[in-house]
Amino acid sequence: MAEVREFPAVWLQGGSCSGCVVSLLNAVSPNIRQLLVDPVVPGRHVSLLFQPTVMAGSGEVALSVLPGEEAARGFILVVEGSIPTASPHYCMIGETGGQELSMLDKACELASRALAVVCVGTCSSFGGIPAAAPNPTGSKSLKTVLAERGISVPVVCIPGCPPHPDWFVHTVANVLLNGLPAADALDDVGRPLEFYGRTIHEQCPRRPDFDAGKLAKKQGDAGCLYHVGCKGPVTYADCPTRMWNSGVNWCVGANGPCIGCVEPSFPDLLSPLYEKICEERLPRLACTTRS
Ligand code: SF4
Ligand code: SF4
């Protein structure tokens, strides 16, 4: 039998709703069982050591599998959720030997020894909803916290609220096949251009309606959803072509505006979510806007 090389991975959950891992559990091809049990690509298997939502273990036994201080840079750290910084007590991942382990300290400690970090979801990538004003927990993105502590490690961001399972699975497969993405394969906020390279607006099937001025006036109307809050012109993702739930539909297809869930400006600068974009606040409008 051909040898299978193991790639250990640790998945921490910080300030999050667990929606990102639930989205991944809905992966279709490969499905989650194949992802956890089989090689993701021939001869290479991700050995998921720690994932609070899916692992059977708990307490000190579960925490004991986290790579210790002696571990070389041989594992991938996946982080879901923001990092609360106002107090370590706002997010604890457990307790060992009577000592509390805060998300803030553990994420930084593991990141400093990881081969690479994958931020899954908008909260770990950019702060997301936990970091929305007034942000009482002092939530920050992992990258911000690492920079503040002077920790240097390659970080790939897979934002989304939640992210599409393909974006994560294909990124992992790509890393296993080709190594870490080159700088020119990522955009200026660390997202793989393969998935986040074009605006929703460029790919939207309702773009002809926008161009023709056929704009919905209220939720539920036919036509382009720009006036009822669609953030497609400033949102970079492939949802219109990839679609969700195994290719069944996507937000605009279900007559709901894109709320820009993959963007660093989500949610504060894109709010109110169901009102027309406040163009003055946003730096990257990819269309001729309409009044
Ligand atoms: S504004 Fe939204 S609904 Fe209208 S064309 Fe752009 S992405 Fe599609
Ligand atoms: S269409 Fe917009 S809101 Fe919907 S999942 Fe894609 S990026 Fe997020």
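This passage walks through the two domains of a predicted model and then the sheet and helices around strand β7.

The protein chain splits into two pieces in its domain assignment: domain 1 covers residues 5-194, and domain 2 covers residues 200-281. Their centres, taken over C-alpha atoms, sit 28 Å apart. Where the two touch, domain 1 puts in 13 residues and domain 2 puts in nine. On the domain 1 side, that contact is made of eight nonpolar residues, four polar ones and one charged one.

Next comes the sheet. Five strands line up in the order β2-β1-β3-β7-β9, with parallel pairing, and the sheet is open. Its edges are β2 (44-50) and β9, each of which has a pairing partner on one side only. On average, neighbouring strands are turned by 25 degrees against each other, direction ignored.

Zooming in on the pairings, β1 (residues 5-13) runs parallel to β3 and is joined to it by five bridges; here Val10 has Leu77 of β3 as its bridge partner. Strand β3 (residues 76-80) also pairs with β7, again in the parallel sense, over five bridges, and Val79 is matched with Cys119 in β7. On from there, β7 is linked to β9 (residues 155-158) by four bridges, also parallel, with Val120 opposite Ile158 of β9. Strand β7 itself (residues 116-120) is mostly covered, as four of its five residues are buried.

Helices pack against this sheet too. Helix α4 (residues 103-113) touches β1, β3 and β7, and its direction is at about 155 degrees to that of β1. Helix α7 (residues 165-178) lies across β1, β2, β7 and β9, and runs at about 155 degrees to β9.

Conventions: Residues are numbered from 1 along each chain as its sequence is written. Chains are lettered from A and ligands numbered from 1 in the order in which they are written. This is a predicted model: local features need pLDDT of at least 70, side-chain atom pairs count only at pLDDT 80 or more; totals for chains, interfaces and linings use all residues. Domain bounds come from an automatic or database domain assignment. Two residues are in contact if their C-beta atoms, placed from the backbone, lie within 7 Å. Ala, Val, Leu, Ile, Met, Phe, Trp, Tyr, Cys and Pro count as nonpolar, Asp, Glu, Lys and Arg as charged, and the others, Gly among them, as polar. A residue is buried if 20 or more other C-beta atoms lie within 10 Å of its own, exposed if 12 or fewer, and partly exposed in between; C-beta atoms are placed from the backbone. Helices (H or I, at least four residues) and strands (E, at least two) are DSSP runs, numbered from the N terminus. Two strands pair if DSSP finds at least two bridges between them. Axes are lines fitted to C-alpha atoms, for helices over the stretch in contact, and angles run from 0 to 180 degrees between N-to-C directions.
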